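I opened this entry to look up how some of the helices pack against one another. I also wanted to check the geometry of one helix on its own.

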Amino acid sequence: MTATAPQIRTEKGLARVAQSLAGWTQKWFPDAYIFALVGVLLVAVAALANGSSPQIIVDSFGNGFWDLTAFTLQMAMVVLTGYVVATSRPVARLIDTLAAVPQSAATAVSFVAFLSMSVSFVNWGLSLVFGGLLARAIARRTDLRVDYRALGAAAFMGLGAVWALGMSSSAAQLQATATSLPPALLQVTGVLDFGTTIFTWQSLTMCAIIIALTVLIAHFSAPRGDAIRTAQDLGVDLNDEPEPAAPRSRPGEWLEYSRILPVLIALLTLGWLVSQFVTSPVLSVVSSLNGYLLVFLILGLVLHGTPRKFLQAVSKAVPATAGILVQFPLYAAMAAILTRAIGNGGMTVSEHLAEFFTSVGGGGGFTVIVALYTVILGIFVPSGGGKWLVEAPYVMQSATDVQMNLGWTVQVYNVAEALPNLINPFFMLPLLAVLGLKARDLVGFTFLQFMFHLPVVLLLVWLLGRTFEFVAPVIP
């Protein structure tokens with residue numbers, strides 16, 4: 001539990017502003033599910049104002065509600081697989097080894113930030129738990145006095161800086177998976193594999209710059225001297241000894257405690273993966289969301305060793321998926337109303353929004369407007385994949401109209417989507433549970449990152465966007 005003792009010092013400057021903001025959001029921000037419910041109603045009202053009949057609106061709502069069933073499950077599995085892998089014993093040993101590397105307090109904070117972002121490029125769910133456990137492992141060191149709040153904020157940088165530029169990006173994964181795309185969006189964008197989004201040199205360059213910037217800010221903003229508040233100061237219990245598996249009590253449980261089945265399933269998965277790389281283009285294999293999740297799920301099974309330990313980890317991970325499971329159908333309904341509820345002039349709300357974005361024109365202006373719009377909307381709709389489904393129909397149509405590269409438009413959304421996470425504490429919740437802290441303990445540091453990230457991101461999307469040419473969508 002977090003201690004209620006007063007702080008050792010009074011925060012000043014940006015840190016004081018950030019703490020005030022954190023206190024306001026904790027007091028006044030409702031659960032993200034409330035935002036989703038309100039969003040559906042606002043979109044319905046907008047469609048009604050556009051001249052759509054109530055019958056068309058309710059039909060669009062009900063018929064579109066389950067459009068994203070497959071994608072909802074896939075996004076829940078991103079969180080679950082990341083958690084399961086991060087809590088396995090081999091990864092725990094790796095974390096203890098890495099925790100011994102930093103030799104100073106500031107270096108420890110920047111080290112956690114760098115590793116959390118590096119892991120986030122592979123799986124953002126893994127990054128949250130991995131970063132939190134690494135912060136706890138460093139905080140357990142008796143030879144190093146480090147601010148636990150700064151360590152926690154650094155552990156969040158994977159999700160607060162670059163998660164959507166990595167391989168578990170909701171928007172990029174959706175655009176690369178034809179079967180997960182809503183039909184209306186598929187007709188606008190076609191399929192965009194990672195070669196047009198995540199793995200372009202422009203996206204990788206942007207990711208590298210943001211990582212370097214984040215590490216520098218984390219290093220120089222880490223409290224020093226009397227300003228340091230350790231986990232002990234905050235009253236946080238750092239005992240991370242895993243719960244032992246319950247002993248086998250009957251013969252029928254033998255296979256649950258055996259490594260035989262995980263090894264055999266791993267061999268099947270390996271054989272399938274080799275076959276995919278031999279028979280299909282590398283980028284299409286890497287871009288496959290289903291393949292990505294299969295590998296991570298079986299990796300978690302192997303790392304835990306036995307089915308019983310694996311299932312224990314899964315049961316702990318499931319609560320973290322609840323928000324995705326109940327929110328994504330509402331985002332699907334929003335997207336359906338936006339794109340299907342025809343009103344005045346035979347146009348939908350989505351088409352009117354597309355006209356607005358198209359009016360901005362092409363080039364750098366378009367990318368900057370899209371980025372700013374994504375940041376503002378993201379403060380109130382904290383869901384990368386769900387929000388993309390709301391934005392994509394009109395943003396991507398506008399990108400086509402102004403001849404902006406569609407893959408880069410996805411990446412503009414992705415890099416801007418991470419920024420609201422530095423202000424809105426919704427996605428901090430799984431990490432806070434690991435750390436034993438409150439959002440206000442971290443937001444002072446993450447808000448400082450936001451102040452630097454925003455202008456840099458806007459500059460990068462403008463400059464790098466000028467290096468692209470428009471490519472017509474490929475409709476399967």
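Entry 1, H4 against H15. Working from a predicted model, I began with helix H4 (residues 69–86) and helix H15 (residues 289–304), whose axes lie 9 Å apart and pack at an angle of about 30 degrees. Since angles under 35 degrees count as roughly parallel, I noted H4 as roughly parallel to H15. I recorded the crossing of these two helices, H4 and H15, as left-handed. On the H4 side I listed Phe-71, Gln-74, Met-75, Met-77, Val-78, Leu-80, Thr-81, Val-84 and Val-85 as making the contact, and on the H15 side Leu-289, Asn-290, Leu-293, Phe-296, Leu-297, Leu-299, Gly-300, Leu-303 and His-304. Sorting the residues of the contact of H4 with H15 by class, I found 13 nonpolar and five polar, with no charged residues.

Entry 2, H4 against H7. I then turned to helix H7 (residues 124–139), whose axis comes within 6 Å of that of H4, the two crossing at roughly 35 degrees. Here I noted that the crossing of H4 and H7 is right-handed, whereas that of H4 and H15 is left-handed. From H4, the residues I wrote down were Val-78, Val-79, Gly-82, Tyr-83, Val-85 and Ala-86, which meet Trp-124, Gly-125, Leu-126, Val-129, Phe-130 and Leu-133 of H7. The contact of H4 with H7 divides into 10 nonpolar and two polar residues, and again I found no charged ones. Val-78 and Val-85 of H4 appear in the contact with H15 and also in the contact with H7.

Entry 3, H17 on its own. What span should the 19 residues of helix H17 (residues 322–340) have at 1.5 Å a residue? I got an expected 27 Å, and with the end C-alpha atoms of H17 being 28 Å apart, the two values agree. I also looked along the helix and noted that H17 bends by about 25 degrees at Phe-328, with a proline, Pro-329, following within four residues.

Entry 4, H21 against H23. Last, I looked up helix H21 (residues 406–417) and helix H23 (residues 439–465), which pack at an angle of about 170 degrees with their axes 10 Å apart. As angles over 145 degrees count as roughly antiparallel, I noted H21 as roughly antiparallel to H23. Trp-408, Val-412 and Val-415 of H21 meet Val-457, Leu-460, Val-461, Leu-464 and Gly-465 of H23. By class, I counted seven nonpolar residues, one polar and no charged residues in the contact of H21 with H23.

Conventions. Residues are numbered from 1 along each chain as its sequence is written. This is a predicted model: local features need pLDDT of at least 70, side-chain atom pairs count only at pLDDT 80 or more; totals for chains, interfaces and linings use all residues. Side-chain values use heavy atoms; hydrogens and water are left out. Axes are lines fitted to C-alpha atoms, for helices over the stretch in contact, and angles run from 0 to 180 degrees between N-to-C directions. Angles under 35 degrees count as roughly parallel, over 145 as roughly antiparallel, 65 to 115 as roughly perpendicular and the rest as oblique. A crossing is left-handed if the near helix is turned anticlockwise from the far one by less than a right angle, and right-handed if clockwise. Contact means heavy atoms within 4.5 Å. Ala, Val, Leu, Ile, Met, Phe, Trp, Tyr, Cys and Pro count as nonpolar, Asp, Glu, Lys and Arg as charged, and the others, Gly among them, as polar. The expected span of a helix is 1.5 Å times one less than its number of residues. The bend at a residue is the angle between axes fitted to the seven residues ending there and the seven starting there.
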